[in-house]
Amino acid sequence: MTDPLAPGSTIGILGGGQLGRMLALAAARLGLKAHIYDPAAGGPAEQVADRTTVAAYDDAAALQAFARAVDVVTYEFENIPTSALDLLEQHRPIRPTRRALAVSQDRLTEKTFLQDLGLEVAPFAAVDSAADLDAALARIGAPAILKTRRFGYDGKGQARIMAPGDAAAAWAAMADAPSVLEGFVRFSHEVSVIGARGIDGAVACFDPGENLHEDGILRTTTVPARLRTAQRADAVLLTGRILNALDYVGVMGVELFVTPQGLVVNEIAPRVHNSGHWTQNGCVVDQFEQHIRAVAGWPLGDGARHSDVVMENLIGAEADDWARLARDPDAALHLYGKAEARPGRKMGHVNRVVRR
Ligand code: AMP
């Protein structure tokens, strides 16, 4: 097994958004340095990192210099070009593994992987043409959701099909992108598990959180989630199975639908996850530190929850309310340092700790 990276070592982070920022802050607490790689200057992570490389993902010289300057490479988003990963991998380990990225970058690969693991997923079919969509709809039935296989996030690249008559418009909305049709899951609520796996194969999961979405964007996460004891165990065990199957190192978010028949896996994210932000104020070691610990080869922290938390995202102009939120004794305010509050943009979040 590889030795843990000593304090003073450098974690290379691909992506300079708020997740990169909170990873960099966690690294700093452990005496580790963060080196951010992002095509845009002045992002949330750059403001708190030791170093930043501002360069494109096809800039071979910049990638090479970045790899040489860091001890391990990790990432805060999934859609990193394969060519960049190929190059980085020649110099430094990438954690989590390439396989986790490959699986989660493509909804069809992801669904197939989860199904092969014996996990419950929505009925699905690949759709590459209007004719494919008609055939898939005939098999799966409406209502259903058509999603692009790649580059979808926060509900983008999706079209709902309430009746077969909606098919043509839904296919047009995909703009010829390879897609997947998913049967509509009648869930009572949505939960997620933030799980971690260390280099030694140890697994630690945080308590499942209950997620409320609005306009495709996460609104709140509440812990504990409404789950029966057996469902809670199920959620954690299936997350462990996914982590082990991918020989994963780092933190992963697993989104689940809760149905009367059991848990259905919606999707996995091979990174720290918005629905895990509550851990910053509900656990001794939060998801960001947990990820840094894992990729640096350190022992994992304990995922146990010491407080109930409601995490609320501050979207767009909601962050303008910072002065009032700062006066609330039970609210932990986290702002991302973004200059401009555009509608739908995640500007920060607030963790409301429920005192016992
Ligand atoms: P996604 O981008 O796939 O996570 O989808 C965004 C949101 O759309 C989910 O959090 C659900 O609320 C909803 N959704 C996605 N897929 C399905 C499905 N197959 N059945 C019901 N709701 C879905």
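Tutor: Before we start, one definition: a polar contact is a pair of N or O atoms within 3.5 Å. Also keep in mind that this is a predicted model.

Student: Got it. So what does the side chain of aspartate 106 reach at the start of helix 5?

Tutor: One of the side-chain oxygens of aspartate 106 comes to within 2.8 Å of the backbone nitrogen of leucine 108.

Student: And which residues of helix 5 are buried?

Tutor: Helix 5 covers residues 107-116, and its buried residues are Arg107, Leu108, Glu110, Lys111, Phe113 and Leu114.

Student: What follows helix 5?

Tutor: Glycine 118 does, with a positive phi near 90°.

Student: Let's move to the sheet. In what order do the four strands sit?

Tutor: The order is 5-8-6-7, in an open sheet with antiparallel pairing. Strand 5 (124-127) and strand 7 (158-161) are at the edges with a single partner strand each, so one side of each has no neighbour in the sheet. On average, neighbouring strands are turned by 20° against each other, direction ignored.

Student: How many bridges join strand 5 and strand 8?

Tutor: Four bridges, in the antiparallel sense, with strand 8 spanning residues 179-183. Alanine 126, for example, has valine 180 in strand 8 as its bridge partner.

Student: Back to helix 5 for a second. Which strands does it touch?

Tutor: Helix 5 packs on the sheet and touches strand 5, strand 6 (144-148), strand 7 and strand 8. Its direction makes about 150° with that of strand 5. Helix 6 (residues 130-140) also lies across strand 5, strand 6, strand 7 and strand 8, at about 170° to strand 5.

Student: New topic, aromatics. How many pairs are there?

Tutor: The count comes to five aromatic pairs. One of them is tyrosine 37 with phenylalanine 66, edge-to-face at 5.2 Å centre to centre with 70° between the planes. Tyrosine 37 is in strand 2 (residues 33-38) and phenylalanine 66 in helix 2 (residues 60-69), so the link spans distant parts of the chain, 29 residues apart.

Student: Are those two buried or exposed?

Tutor: Tyrosine 37 and phenylalanine 66 are both buried.

Student: And why is the pair of tyrosine 57 and phenylalanine 77 called tilted?

Tutor: Their ring centres are 5.9 Å apart and their planes are at 50°, so the pair is tilted. Planes under 30 degrees apart would count as stacked and over 60 as edge-to-face.

Student: How accessible are they?

Tutor: Tyrosine 57 is buried, at 13% relative accessible area, whereas phenylalanine 77 is partly exposed at 23%. Tyr37, Tyr57, Phe66 and Phe77 form one aromatic cluster.

Conventions
Residues numbered from 1 in each chain as written. Predicted model: local features only at pLDDT ≥ 70, side-chain atom pairs only at ≥ 80, totals over all residues. Heavy atoms only, no water. Buried < 20%, exposed > 50% of the residue type's maximum accessible area, 1.4 Å probe, protein only. Helix = DSSP H or I, 4+ residues; strand = E, 2+ residues; numbered from the N terminus. Polar contact = N/O pair within 3.5 Å; in protein donor to acceptor, adjacent residues only side chain to side chain. Phe/Tyr/Trp six-rings, centres within 6.5 Å; stacked < 30°, edge-to-face > 60°. Pairing = 2+ DSSP bridges. Axes fitted to C-alpha atoms, helices over the stretch in contact; angles between N-to-C directions. Contact = heavy atoms within 4.5 Å.
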